[in-house]
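Me: Could you choose one part of this structure and take me through it closely, setting it among its surroundings? I would prefer one connected account to a list.

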Amino acid sequence: MAEEGYRVDGVDFSPKMLERARAKAGDHSGVSFVLGDAFAPPLPEAAYDVVLCRHVLWAMPDPAVALGRWVELLVPGGTLLLVEGRWSDDVGLSAEETVSLVESGGRPAALTRLTEATYWGRDVEDDRYLVVSARGSVGAGG
C-alpha cells in the first residue's frame, strides 16, 4: 500500500513481528508501526480512510467489540476491509459469521470469496474471503 502512495500505520503486540514489518517496509516514507494490541489499537479515532485487517478478527477475544473499535478509527464514509477465513481444521470465522458481525454493528457488508490460488500461492479448499464494509457516514452503532 505504501508503494501506491498511501500512508500506512501498522499495529502488532509482537516486537518480532514489528521488526519484520519494518524490514519489509524498508525506506518507504509514510509507513509507521506501533507496538500495541489490535483489539484496542493505540491509534487516533476518526483518522483513517481504510482499516484493513488480515486474519486477525477470528483471534480477538470478542470480535464484535474489536470491530467496533476498528470502525471508530474510520473517518465518516471510511471503509473496513476484512480478509478472514475458516480453515480446514475448523479454526477461524465463516464468511457468514463475519458478515453477521459487521451487519450487527450497523454497517453494510459485501462478501467476496477468495478461492483463487493466485491469492495464496497454492490451491486452497478452506473458506477464505474478503468482507468490505463502506458507507456514507459513520453514526450511532458503527
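Reply: Helices here are DSSP runs of type H or I with at least four residues, and they are numbered from the N terminus. By that rule Ala-117 lies in helix α4, which covers residues 117-120. The model is a predicted one, and the part I would look at closely is helix α3, with Ala-117 as a brief point of entry. Ala-117 has a relative accessible area of 26% and is therefore partly exposed, since that class lies between the 20% limit for buried and the 50% limit for exposed. Once residues up to four places away in sequence are set aside, Ala-117 touches Arg-122 and Asp-123, while its C-alpha atom is 31 Å from that of Leu-74, a residue 43 places away along the chain.

Turning to α3, its buried residues are Ala-95, Thr-98, Val-99, Leu-101 and Val-102. Viewed down the helix axis, these residues fall within an arc of 160°, so they line one face of α3. The general background is that an α-helix has 3.6 residues a turn, so residues three or four places apart point the same way. The cover over the buried residues of α3 includes α2, β4, β5 (110-113) and β6.

One residue shows this packing from the other side: apart from its neighbours within four places in sequence, Val-131 is in contact with residues including Thr-98, Val-99 and Val-102, and also with Leu-80, Leu-81 and Leu-82. Val-131 is also among the residues with the most contacts inside the largest nonpolar core, a set of 22 residues in which Val-51, Leu-57, Leu-67, Trp-70, Leu-80 and Leu-82 are likewise listed. The elements that contribute two or more residues to this core are α3 (95-104) itself, together with β3 (48-54), α2 (63-72), β4 (74-86) and β6 (127-134).

Charged side chains of α3 also deserve attention. Glu-96 and Arg-113 meet in a salt bridge, with N and O 2.9 Å apart, and this pair connects distant parts of the chain, since Glu-96 belongs to helix α3 and Arg-113 to strand β5, 17 residues apart. Both partners are partly exposed, Glu-96 with a relative accessible area of 49% and Arg-113 with 36%. Another residue in the range of α3, Glu-97, is linked with Arg-86 and Asp-90 in a network of salt bridges. The structure holds six salt bridges; one of them, between Arg-128 and Asp-126 at 2.8 Å from N to O, offers a contrast in setting, because Arg-128 is buried at 8% relative accessible area and Asp-126 is buried at 15%. Just after α3, Gly-106 takes a positive phi of about 85°.

For the wider setting, the largest pocket has a volume of about 1,600 Å³. Among the 39 residues that line this pocket, Val-8, Asp-9, Gly-10, Val-11 and Leu-52 are the closest to its centre, and the elements that give two or more residues to the lining are β1 (8-12), α1 (15-25), β2 (31-35) and β3. The largest share, seven residues, comes from β3, a strand that also gives two or more residues to the largest nonpolar core. Asp-9 forms a salt bridge with Arg-7, their closest N and O atoms being 3.6 Å apart; Asp-9 is partly exposed at 25% relative accessibility, whereas Arg-7 is exposed at 54%.

Notes. Residues are numbered from 1 along each chain as its sequence is written. This is a predicted model: local features need pLDDT of at least 70, side-chain atom pairs count only at pLDDT 80 or more; totals for chains, interfaces and linings use all residues. Side-chain values use heavy atoms; hydrogens and water are left out. A nonpolar core is a set of buried Ala, Val, Leu, Ile, Met, Phe, Trp, Tyr and Cys residues joined through side-chain atoms within 4.5 Å. Buried means under 20% relative accessible area, exposed over 50%, partly exposed in between (1.4 Å probe, protein chains only). Contact means heavy atoms within 4.5 Å. The arc is that of the directions from the helix axis to the C-beta atoms. A salt bridge is a side-chain nitrogen of Lys or Arg within 4 Å of a carboxyl oxygen of Asp or Glu. On a 1 Å grid over the protein atoms alone, a cavity is a set of points where a 1.4 Å probe fits but cannot get out, and a pocket is an open set with protein on both sides within 12 Å along at least five of seven lines; lining residues have an atom within 4 Å of a point. Grid points are joined across faces, edges and corners, and a volume is the space filled by probe spheres set on the points.
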